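Here are some worked exercises to try with the sequence and the model side by side. Have a go at each task before you read its solution.

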Amino acid sequence: MADDTAVGYENILVEVSAPIATITLNRPKVLNALSPDLIREVNEALGELDADSNVRAVVLTGGARVFAAGADISDMADRTAVDQLQRDQTGRWAGIAAFSKPLIAAVNGYALGGGCELALMCDLIIAGDSARLGQPEINLGIIPGAGGTQRWPRTAGKHAAMEVMLLGAPVTARRAYELGLVNKVVPAEMTITAAQRIARQAAEKAPLAARMAKEAVLKAFETPLAEGLAVERKSFYFLFSTEDQKEGMHAFLEKRRGVFKGK
Ligand code: CAA
């Protein structure tokens with residue numbers, strides 16, 4: 001994708017300003033409710049950005065007012081279990097969690113249900129002070145279906161997870177920060193620029209190292225310690241085959257800033 005291009009999707013906006021890109025969920029009339037088409041477009045856009053070597057970090061936002069009020073209830077209300085199984089509604093979100101570059105959520109307003117789960121799939125979360133994160137599915141007679149019951153307790157612990165799941169009430173940005181769900185809380189009007197600043201910071205780092213760091217950290221949630229340590233060790237050794245490792249270490253010794261090529 002070329003610089004500063006708004007690529008034509010119907011439910012999202014994609015702006016590339018190398019070395020970062022910003023994806024904005026764009027269904028404002030329904031508070032960015034996550035229709036299957038929107039999720040497909042986010043997946044497609046991330047696939048393109050993953051393949052674009054000019055892009056090294058991505059911000060995912062819902063804009064100034066709301067992140068996303070969850071999966072689209074009008075799309076789900078009359079579905080049967082078999083419908084849901086056959087179309088694998090939330091299985092399709094796996095591509096988002098698999099994005100290989102730093103992915104930073106910029107959350108203003110509500111991030112509820114699937115909206116909260118989408119934010120939790122990102123690597124860092126920058127929240128505006130207006131943000132409200134929660135899993136209100138219990139109010140609809142269902143439970144989270146895109147990772148909420150698993151990612152909340154892994155980050156915020158069992159009791160906070162139970163509180164949001166069982167009571168259905170969201171937490172404030174400040175509480176989310178205290179629970180470790182959110183990296184930083186900023187005034188709402190600053191959220192997107194703060195996330196973009198952090199994305200640019202991440203984009204200066206060695207891309208292959210970032211990719212392996214991300215893979216290794218995510219492994220920590222899925223494997224026993226010994227297996228995770230083995231993955232880390234192999235990635236650590238592998239990085240000594242990269243030009244970026246030579247550049248990074250020689251730049252340090254020569255007292256200059258490393259310039260990384262992702263090679
Ligand atoms: N799906 C479809 N439409 C939605 C929606 C959703 N998740 N959330 C909001 N909307 C629509 C509303 O129906 C309304 O449309 P109309 O103007 O046509 O009536 C519009 O967006 C504005 O919403 P409200 O009038 O309700 O706005 P509000 O400021 O009074 O309330 C809110 C905001 C508290 C977020 C409220 O909209 C709400 O509770 N939304 C639903 C939140 C929810 O339950 N999310 C979980 C969905 S299930 C899920 O996500 C499953 C999963 O794990 C994948």
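## Exercise 1: Aromatic pairs

Searching the whole structure turns up two aromatic pairs. One of them is F236 with F240, an edge-to-face pair with 5.3 Å centre to centre and 70 degrees between the planes. Keep in mind that this is a predicted model.

**Task.** Work out why the pair of F236 and F240 counts as edge-to-face, and find whether each of the two rings is buried, partly exposed or exposed.

**Solution.**

- Step 1. Two numbers are needed, since a pair of aromatic rings is described by the distance of the centres and the angle of the planes.
- Step 2. The centres of F236 and F240 are 5.3 Å apart, and rings pair if their centres lie within 6.5 Å.
- Step 3. The planes of F236 and F240 make an angle of 70 degrees, and over 60 counts as edge-to-face, so the pair takes that label.
- Step 4. Now look at the cover. F236 has 49% relative accessibility, so F236 counts as partly exposed. F240, with a relative accessible area of 37%, is also partly exposed.
- Step 5. Finally, place the pair in its group: F236, Y237 and F240 make up one aromatic cluster.

## Exercise 2: The ligand and its shell

**Task.** Find which polar contacts the ligand makes with A69, G114 and E137, then describe the shell around the ligand by element and by class.

**Solution.**

- Step 1. Start with the shell. It holds 22 residues, of which A71, I73, G114, E117 and E137 come nearest to the ligand.
- Step 2. Take the backbone contacts next. A nitrogen atom of the ligand lies 2.9 Å from a backbone N or O atom of A69, and a polar backbone atom of G114 is 2.7 Å from an oxygen atom of the ligand.
- Step 3. Add the side chain: an N or O atom in the side chain of E137 is 2.8 Å from an oxygen atom of the ligand.
- Step 4. Turn to the area. The ligand taken alone exposes 990 Å², and the protein buries 59% of that.
- Step 5. Assign the elements. Helix 2 (73-76), strand 6 (110-112) and helix 5 (114-121) each give two or more residues to the shell.
- Step 6. Sort by class: 13 residues of the shell are nonpolar, five are polar and four are charged.

## Exercise 3: Strand 7 and its partners

**Task.** Which strands pair with strand 7 in the parallel sense, and over how many bridges?

**Solution.**

- Step 1. Strand 7 covers residues 124-128, and four of its five residues are buried.
- Step 2. Strand 5 (residues 103-107) runs parallel to strand 7, and four bridges join the two. Here I104 stands opposite L124.
- Step 3. Strand 10 (residues 184-186) also pairs with strand 7 in the parallel sense, over three bridges. In this pairing A127 has V185 as its bridge partner.

## Exercise 4: A three-stranded sheet

**Task.** Trace the open sheet that has mixed pairing, and name its edge strands.

**Solution.**

- Step 1. The sheet has three strands in the order 6-8-9.
- Step 2. Strand 6 and strand 9 (171-172) are the edge strands, each pairing on one side only.
- Step 3. Strand 6 and strand 8 (residues 132-134) run parallel and are joined by three bridges; L112 faces G134 there.

## Exercise 5: A loop glycine

**Task.** Where is G70 found, and is G70 buried or exposed?

**Solution.**

- Step 1. The loop between strand 4 (57-61) and helix 2 holds G70.
- Step 2. The relative accessible area of G70 is 2%, and buried means under 20%, so G70 is buried.

Technical notes:
Residues numbered from 1 in each chain as written. Predicted model: local features only at pLDDT ≥ 70, side-chain atom pairs only at ≥ 80, totals over all residues. Heavy atoms only, no water. Near = heavy atom within 4 Å. Polar contact = N/O pair within 3.5 Å; in protein donor to acceptor, adjacent residues only side chain to side chain. Areas by Shrake-Rupley, 256 points an atom, 1.4 Å probe, with all protein chains shown as cover. Nonpolar A, V, L, I, M, F, W, Y, C, P; charged D, E, K, R; others polar. Buried < 20%, exposed > 50% of the residue type's maximum accessible area, 1.4 Å probe, protein only. Pairing = 2+ DSSP bridges. Phe/Tyr/Trp six-rings, centres within 6.5 Å; stacked < 30°, edge-to-face > 60°.
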